[in-house]
Amino acid sequence: IAQLRCARVAIPESFGVIITTQSDMQPAGLFKAELQRARAVRDGRKRSRGIVPLLYEFPEEIQTGKGSPWLESSLWPLVNPNWGRSVNGPVLVSLYDEARDLDPTAVQIWASQHLNIEIGLGLHDERWRGADHWEAAADRTLTLDELLRRCEVATIGIDGGGLDDLLGLAVIGRAKRTRRWLHWGKAWADTGVKEIRKEIAARLEDFEKAGDLEFVDIAPPVSDEEADREAPVSDDIAGVVDVVQKVHAAGLLPPTDGVGLDPVGVAAIVDALVKAEIPPDTICGVPQGYRLSGIIAGVARKLKDRSFRHGGQDLMAWCVSNAKAELKGSALLITKQQAGKAKIDPLIALFNAADLMSKNPDAAGGSLDDYLESMKGAA
């Protein structure tokens, strides 16, 4: 695209036309950038600079509203200017019925191609109910430092870490005055995931640019001599330890059950935390699967009544949109909407942190002011 546009240097009277439907996955990379630019010009937020955008799409409240308002077929002609000409209404309806009978993914593809619905929150019927209220609960002032400043206690959840997965971390704080739960999240990924999961590489790079994800190189020792030494802490685990130390130094971690992990395959993280002098009693396993059912439902309720707020991070919105709710017996489980491609590790980390916060903990002591004062001394 850049090379095509540069051709205007030689042929100033030339122009380009981009004609496309929505992406059949959540927009990412260059497509997302072009889409956001066109919307900004259309909405008057940016000067045109030679672009004339013509977008046939529903307002965001219709695309993501409760009950999926876009399903009302009387609205479909609004985003199909050739309705009754090259677009046959009854055929379009029948194609929707066929997609609905298949699975939610087929409905996503149909909606993105025929109604220009942007794939994201609230588009599939098996979504976690918290997704309905996720965007409305955003507070974009919530950084980690802001969360620590406003809260009296904080718990941390950790999940994931396979070579083709994300290592997700969540901090949930309880606000001093309102006792609302405030959330901030981060993730790490091995650089090799860009090759293993090429279909989400551009999206992960967007999260990296936003500062919500870090790529690390999980590499083996480079020589036999190094192999005989104590294994170094990988950069992703080191990043996790840095966050935990910051919360601990602020005096906000509970004396027990403050850092919760999936009990399986976390020995390296636990060892690194203990080595960093995080009290062992504050590190604990969080039961997974059906035993998280009450927390999954409870966080959804807190999102609806706004007693749970989050930082509006695109990383977390993507993970929430990937979450598929399954009812097995009386238990509510959260699984991936698309195995392999879609990641939910930072969301599971959120549930782990929420499980610990639901125990109504008290902080071990200290304050963020004490922490900042100690940092001044260190400097």
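Me: Asp, Glu, Lys and Arg count as charged; Ala, Val, Leu, Ile, Met, Phe, Trp, Tyr, Cys and Pro count as nonpolar; the others are polar. How many residues of each class are in the lining of the second largest pocket?

Reply: This is a predicted model. The lining has 13 charged, 12 nonpolar and eight polar residues. Among those closest to the centre are Arg 39, Glu 60, Glu 118 and Glu 135. Arg and Glu are on the charged list, so these four belong to that class.

Me: What makes Gln 36 a lining residue of the second largest pocket?

Reply: A lining residue has an atom within 4 Å of a pocket point. Gln 36 is one of the 33 residues that line this pocket, so Gln 36 has such an atom. The volume here is about 870 Å³. Helix 2 gives the largest share of the lining, six residues.

Me: Which helix gives the most to the lining of the largest pocket?

Reply: Helix 2, with six residues. That pocket has a volume of about 1,500 Å³. Its lining holds 38 residues, with Val 17, Ile 18, Ile 19, Thr 20 and Val 52 nearest the centre. By class, 20 are nonpolar, 12 polar and six charged.

Me: Why are Trp 128, Ile 334, Leu 350 and Phe 351 called buried?

Reply: They belong to the largest nonpolar core, which has 45 residues. Core members are buried, and buried means under 20% relative accessible area, so these four fall under that cut-off. Helix 15 supplies nine residues, the largest share of this core.

Me: How do you know that Leu 350 touches Trp 134?

Reply: Contact means heavy atoms within 4.5 Å. Leu 350 touches Trp 134, so the two have heavy atoms within that cut-off. Its other contacts include Ile 172, Val 299 and Phe 308.

Technical notes. Residues numbered from 1 in each chain as written. Predicted model: local features only at pLDDT ≥ 70, side-chain atom pairs only at ≥ 80, totals over all residues. Heavy atoms only, no water. Core = buried A, V, L, I, M, F, W, Y, C linked by side-chain atoms within 4.5 Å. Buried < 20%, exposed > 50% of the residue type's maximum accessible area, 1.4 Å probe, protein only. Helix = DSSP H or I, 4+ residues; strand = E, 2+ residues; numbered from the N terminus. 1 Å grid on protein atoms, 1.4 Å probe; cavity = no way out; pocket = protein on both sides within 12 Å on 5 of 7 lines; lining within 4 Å. Points joined across faces, edges and corners; volume = space filled by probe spheres on them. Lists of a residue's contacts leave out its neighbours within four places in sequence.
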